[in-house]
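Hello,

Here is the structure we talked about. Please open it and read the notes below alongside it.

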Amino acid sequence: MRGNMGALLKQAARVQENIKRLQHELDHLEVTGSASGNLVQVTMTCKHSLKSVKVDPSLLQEDVDMVEDLIFMATKDCLDKIEQITKEKMAAATAGMPLPPGMSF
């Protein structure tokens, strides 16, 4: 029993170190979301720090509401990608060890 507890504590320490590394990586990892065939692109870090918004000049002749909708869709695409990347990397960092209930990353 005592050996199992020691192994569990070692595993928890490894997971904690992996999570620290992952947090640093996510601070700097940039993800780009797009809409309408890349006419609008939004780039953020995985920690939701906005890096850029690019709008193709051809859209500047369009209705403002449409351009706003495209920016919204590109932002949503970026956030969806960030969520997926974060889940995948967290699963790898915790090596299958589940987080306690109520604890999130």
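**Hairpins and turns**

S2 and S3 form a hairpin with 4 residues between the strands, and His-48 in that turn has a positive phi of about 70 degrees. Bear in mind that this is a predicted model.

S3 covers residues 50-55. S2 and S3 run antiparallel, joined by 5 bridges. One pair to look at: Gln-41 has Lys-54 in S3 as its bridge partner.

S2 also pairs with S1. Here 6 bridges join the two strands, again antiparallel. Thr-32 stands opposite Thr-43 in S2. S1 spans 30-35 and S2 spans 40-45.

How buried is S2? Of its 6 residues, 5 are buried, so S2 is largely enclosed by the rest of the structure. The cut-off for buried is under 20% relative accessible area.

Now the loop between S1 and S2. This hairpin has 4 residues between its strands. Which residues there deserve a look? Ser-36 is found in this loop, and Asn-38 lies there too.

Ser-36 is not a glycine, yet has a positive phi of about 50 degrees. Asn-38 is not a glycine either, and its phi is positive at about 70 degrees. For context, most residues other than glycine have a negative phi.

Are these two buried or exposed? Partly exposed runs from 20% to 50%. Ser-36 has 41% relative accessibility, so it counts as partly exposed. Asn-38 has 45%, so it counts as partly exposed as well.

Best wishes

Key. Residues numbered from 1 in each chain as written. Predicted model: local features only at pLDDT ≥ 70, side-chain atom pairs only at ≥ 80, totals over all residues. Heavy atoms only, no water. Buried < 20%, exposed > 50% of the residue type's maximum accessible area, 1.4 Å probe, protein only. Pairing = 2+ DSSP bridges.
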